[in-house]
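This briefing goes with the sequence and model shown here. Please read it with the structure open.

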Amino acid sequence: MQITIDPKSGFCAGVTGAIRRAENELQQTGQLYCLGDIVHNGQEVQRLERLGLETIDYDDLRTIRHARVLLRAHGEPPSTYWIAEQNGNTIIDGTCPVVKRLQERIAATYNEHKHDERRAQIVIFGKRGHAEVIGLQGQTNNTAIVIEKPEEAETLDFSRPIYLFSQTTKSVEEYHRLVEKLKSEIINHKSQITLEAYDTICRSVANRVEQLKAFAAAQNIVLFVGGTKSSNAAVLFGHCREANPNSHFLTGADDLTGELLTACRQADRVGICGATSTPLWLMEQVRDRLSED
Ligand code: SF4
């Protein structure tokens with residue numbers, strides 16, 4: 001049996017940066033709050049909790065005072081910074097620089113058009129309620145319209161300008177379908193409105209799709225390791241299964257039991273891969289499980 005860990009799988013630069021900031025802080029003080037799970041991976045969160053990280057929610061943020069609070073790579077709306085500041089808390093900003101730039105672009109577009117007579121629509125192609133999307137909506141005083149699928153384009157007002165941005169982890173293909181849909185709706189409505197569409201999808205995720213498909217197709221069995229709360233893991237696993245129907249989702253080595261373990265041990269090539277939120281050590285544990293007696 002040949003076992004290969006996909007060299008392209010694992011944390012993206014944004015998540016690595018936030019975790020590094022947490023580790024540095026924890027090394028110095030041994031205690032740090034993090035607003036929300038630092039990464040959508042339970043095992044990695046537990047590892048950092050053992051070092052002193054404490055995950056808090058928005059209710060906790062309103063009550064804690066004079067503490068150090070890490071913001072994760074997804075970013076936060078401006079209100080989070082105000083609340084923290086009012087309570088004398090220090091923000092350790094782990095927002096990914098790519099997300100930060102996107103927030104700034106959306107804020108600049110909002111500020112430029114907020115007093116326009118024709119009330120421009122800022123549209124975010126993303127998942128409603130996702131932390132990154134909440135942070136992006138916050139840049140527009142929560143006036144941005146979130147669209148999850150190209151079909152939802154029909155709900156927009158085609159008498160008002162449209163400025164389109166995308167959550168960083170959306171599919172490039174779906175984004176282009178949305179842009180085409182918007183163009184055809186504008187024609188259907190015989191409208192002359194401005195449509196400015198900004199492809200703000202992060203290539204560290206988008207490029208991974210093709211790499212992952214090629215990796216998965218070359219294996220007899222694929223073990224995809226990811227967290228159940230990660231939307232990136234769900235999307236990447238879907239691509240994996242498309243390339244190789246013999247793909248299996250695991251949250252860690254403990255899920256590798258019974259028939260699946262036997263099938264892996266009988267296979268020639270077993271590939272282990274994961275999401276942008278999957279730590280390398282977790283994929284290594286799956287590899288070690290395969291080699292155990
Ligand atoms: S996927 Fe891209 S934008 Fe999102 S945290 Fe990672 S590097 Fe940043």
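**Overall build**

Residues 24 or more positions apart account for 70% of the contacts in the protein with a separation of 6 or more, a contact being heavy atoms within 4.5 Å. This is a predicted model, in which local features need pLDDT of at least 70 and side-chain atom pairs count only at pLDDT 80 or more, while totals for chains, interfaces and linings use all residues. Residues are numbered from 1 along each chain as its sequence is written, and side-chain values use heavy atoms, with hydrogens and water left out.

- The protein has 11 helices and 12 strands; these are DSSP runs numbered from the N terminus, with helices being H or I of at least four residues and strands E of at least two.
- Along the principal axes, the C-alpha atoms fill a box of roughly 70 × 50 × 25 Å.
- Of the 293 residues, 51% count as buried, where buried means under 20% relative accessible area, exposed over 50% and partly exposed in between, with a 1.4 Å probe and protein chains only.
- About 14300 Å² of the protein is exposed, and carbon and sulfur atoms supply 47% of that area; accessible areas come from the Shrake-Rupley method with a 1.4 Å probe, and for residues only the protein chains shown count as cover.
- There are 33 positive and 39 negative side chains, and the centres of the two sets lie 3 Å apart. Lys and Arg count as positive and Asp and Glu as negative, with His and the chain ends not counted; the place of a charge is taken as NZ of Lys, CZ of Arg, CG of Asp or CD of Glu.

**Sheet with β1, β12, β10 and β11**

- This open sheet of four strands follows the order β1-β12-β10-β11 with parallel pairing; two strands pair if DSSP finds at least two bridges between them.
- β1 (2–5) and β11 (247–250) are the edge strands, each with a single partner strand, so one side of each has no neighbour in the sheet.
- Neighbouring strands here are turned by 20 degrees against each other on average, direction ignored. Axes are lines fitted to C-alpha atoms, for helices over the stretch in contact, and angles run from 0 to 180 degrees between N-to-C directions.
- β1 pairs with β12 (residues 269–274) in the parallel sense over four bridges, and I3 has V270 of β12 as its bridge partner.
- Helix α10 (residues 258–266) packs on the sheet and touches β10, β11 and β12, with its direction at about 130 degrees to that of β10.
- Helix α9 (residues 231–243) lies across β10 (221–225), β11 and β12, and runs at about 160 degrees to β11.

**Sheet with β7, β6, β8 and β9**

- A further open sheet of four strands has the order β7-β6-β8-β9, with parallel pairing.
- β7 and β9 (195–197) stand at its edges with a single partner strand each, so one side of each lacks a neighbour in the sheet.
- The average turn between neighbouring strands of this sheet is 25 degrees, direction ignored.
- β8 and β9 are joined in the parallel sense over three bridges, and Y163 has E196 of β9 as its bridge partner.
- α5 packs on this sheet by touching β6 and β8, and its direction makes about 170 degrees with that of β8.

**Buried positions**

- F165, in strand β8 (residues 162–166), is buried, with a relative accessible area of 1%.
- Not counting residues up to four places away in sequence, F165 touches ten listed neighbours including L102, I106, I124, F125 and Y198.
- Seven of the eight residues of helix α6 (residues 131–138) are buried, among them V133, L136 and Q137.
- Cover for the buried residues of α6 includes α4 (78–86), α5 (97–113), β6 (121–125) and β7 (145–147).
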